Amino acid sequence: MTDERIPMTREGYDKLKAELERLQGTEMIAVTQRVAAARAMGDLSENAEYHAAREDQGHLQARIDHLKSKLALAVIVDPASLPRDTVVFNSLVRVKDLDLEEEEEYHLVGPGDEDYDNNKILTTSPIGQGLLGKKPGEVAEIQVPMGKVRFEILDISFP
């Protein structure tokens, strides 16, 4: 992970912190107990349960480390301090897809707040990056995995 600060809302930060506490608490205790129980079964070289539990423990520790890193780089953004006429973190942006002639709405959020089913996208995503800094009336040409999309910024608001 880079040393760049990660913008987050208070809610997003609290959500990640709660997940970290859950993983470090109940989840890690449970997997550690599984490792101990499997170890007690004897020969570790042929003990599939032991190896599976150790692998799960490694994945869990990696997720914990990742969350700790995100939280260490987090900066809580006060929505009141953001400009209202430019696409920025926490903007609700209504756009027109110039190729499909359809309107869409995106809410640009930080880690912990993303919800792709409800068009809450990360500011670090390709579309988020392409929209940042734009003003109503401007066109954003954004390279996405499936090609290039062109969005006209119709409206910017804040939830």
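This short talk goes through a helix pair, some aromatic contacts and two backbone angles in one structure. Please keep in mind throughout that what we are looking at is a predicted model.

Let me start with the helices. Two packed helices are described by the angle between their axes and the distance between the axes. Here, helix 1, which covers residues 10-39, packs against helix 2, residues 48-73, at an angle of about 160°, and the two axes are 9 Å apart. Angles over 145 degrees count as roughly antiparallel, and helix 1 and helix 2 are therefore described as roughly antiparallel to each other. As for handedness, helix 1 and helix 2 make a left-handed crossing. If we then ask what kinds of residues form the contact of helix 1 with helix 2, the division is 15 nonpolar, four polar and eleven charged.

Next, the aromatic rings. A pair of such rings is described by the distance of the centres and the angle of the planes, and this structure holds one aromatic pair. Its members are Y106 and F151, whose ring centres lie 5.8 Å apart and whose planes stand at 55°, so the pair is classed as tilted. In terms of the chain, the pair links distant parts, since Y106 belongs to strand 4 (residues 102-109) and F151 to strand 7 (residues 147-157), with the two positions 45 residues apart in numbering. Are these two residues buried or exposed? The cut-off for buried is under 20% relative accessible area; Y106, at 7%, is buried, and F151, at 1%, is buried as well.

There is also a contact between a charge and a ring: the charged end of R84 is placed over the ring of F158, at 4.2 Å from the ring's centre.

Finally, the backbone. Most residues other than glycine have a negative phi, and I would like to point to two residues that have a positive value. E101, although it is not a glycine, has a positive phi of about 55°, and its place is the loop that runs between strand 3 (92-97) and strand 4. N119, again a residue other than glycine, has a positive phi near 60°, and N119 lies in the loop between strand 4 and strand 5 (120-122). As to accessibility, E101 has a relative accessible area of 52% and is exposed, whereas N119, at 30%, counts as partly exposed.

Key. Residues numbered from 1 in each chain as written. Predicted model: local features only at pLDDT ≥ 70, side-chain atom pairs only at ≥ 80, totals over all residues. Heavy atoms only, no water. Axes fitted to C-alpha atoms, helices over the stretch in contact; angles between N-to-C directions. Helix = DSSP H or I, 4+ residues; strand = E, 2+ residues; numbered from the N terminus. Parallel < 35°, antiparallel > 145°, perpendicular 65-115°, else oblique. Left-handed = near helix turned anticlockwise from the far one by under 90°. Nonpolar A, V, L, I, M, F, W, Y, C, P; charged D, E, K, R; others polar. Phe/Tyr/Trp six-rings, centres within 6.5 Å; stacked < 30°, edge-to-face > 60°. Buried < 20%, exposed > 50% of the residue type's maximum accessible area, 1.4 Å probe, protein only. Lys NZ or Arg CZ within 6 Å of the ring centre and 35° of its normal.
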